[in-house]
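Here is a short briefing to read beside the structure. It covers charged pairs, nonpolar cores and one helix.

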Amino acid sequence: MLDVNKALSKESQNFLENLRLYLFSSGKKTAEIEDIIEELEVHLLEAERNKKSVEHIVGRSPKEYMEQLSDEMSVDFMGWLKYIVMILIGAFSYWIISKAINGGIEFSLWEIIGYPLAGILSIIFYMLSFRYMASHKLSKVKQGVLLYGLSMISMALFAGLFLVSEIYSTTFIEFENTGNIIAVILAISIFILISFWSKSWVSIIIPILLFAPEFLLKQTHYQGNVNLILSSLITMLGILIYCGYTIRKTKSS
């Protein structure tokens, strides 16, 4: 890709970022998206040298251009199916380790059916919201409110399923000690495979930060609320440090 972002105006850079997000959240192929972005970068750079706007290049409003371009591109169903399956498998692995730490792995029928459906619905909500954010000029505050509302809806779906499962369901599958160990090993292996697939350490570091403090503190004399508070503080501090490190590394690269 041509390194022209530094020469482009803020308006053009924002347009390209929003276009990339819109097409990605519309299920288009990543390679095709990057080809289009690269071509537009060149046209926008040339237009700005001639004192022309984004609208002059795209021939209409950015929103209309995004919609038309998306309609002309095919949807990468298999590619997105791969993403959805990996997300669900990753979430299932978190779920397994959490259950193993907190008394053992067991599932109700509500959980087996409901959690994947809630996960798919959450993904759809986020994709639609990203499309809306990319095609509309929203302030940072409005974007934050929208994302916060989405996270609350997603949490409410899972919390509702948990309550229904606790009240109305009985155990459908329960693992013994050996089964717990095998399931945890498989879950850890999945985190490692996702890390290789995504070429990122996130899928390994985040589970460690989430579960290691809780597991280690359970081996100490700390119990109850003290255990919960300490593990939460350690997890949040670890995530903040990792995010800070990631941001600094990104800026310096």
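K63 is partly exposed, because its relative accessible area of 31% falls between the 20% limit for buried and the 50% limit for exposed. This is a predicted model. K63 pairs with E67 in a salt bridge, with 2.7 Å from N to O. The structure holds two salt bridges.

**The pair within helix 4**

- Both K63 and E67 lie in helix 4, residues 62–72.
- They sit four residues apart, about one turn of the helix.
- E67 has a relative accessibility of 29%, so E67 also counts as partly exposed.
- Side chains of opposite charge can pair when their charged atoms come close.

**The pair between helices**

- E34 and R20 form a salt bridge, and their closest N and O atoms are 3.0 Å apart.
- This pair links distant parts of the chain, with the two positions 14 residues apart in numbering: E34 belongs to helix 2 (residues 30–49) and R20 to helix 1 (residues 10–25).
- Is E34 buried, partly exposed or exposed? Its relative accessibility is 24%, so E34 counts as partly exposed.
- R20 is partly exposed too, because its relative accessible area is 27%.

**Nonpolar cores**

- How many residues does the largest nonpolar core have? It has 17 residues.
- F15, L16, L19, L23, L40 and L69 have the most contacts inside this core.
- Helix 1, helix 2 and helix 4 are the elements that give two or more residues to it.
- Helix 2 gives the most, with six residues.
- A second core is separate and has 13 residues, among them L161, A183, A187 and F211.
- In soluble globular proteins, nonpolar side chains tend to be buried together.

**Helix 7**

- Helix 7 runs over residues 140–168, which makes 29 residues.
- What span should helix 7 have at 1.5 Å a residue? The expected value is 42 Å, and the end C-alpha atoms are 42 Å apart, so the two agree.
- L150, S154, L161 and S165 are buried in helix 7.
- Strand 1 (106–108) and helix 6 (109–135) are included in what covers the buried residues of helix 7.
- L161 appears twice in this picture: it is buried in helix 7, and it is part of the second core.

Definitions and conventions: Residues numbered from 1 in each chain as written. Predicted model: local features only at pLDDT ≥ 70, side-chain atom pairs only at ≥ 80, totals over all residues. Heavy atoms only, no water. Salt bridge = Lys/Arg side-chain N within 4 Å of Asp/Glu carboxyl O. Buried < 20%, exposed > 50% of the residue type's maximum accessible area, 1.4 Å probe, protein only. Core = buried A, V, L, I, M, F, W, Y, C linked by side-chain atoms within 4.5 Å. Expected span 1.5 Å × (residues − 1). Contact = heavy atoms within 4.5 Å.
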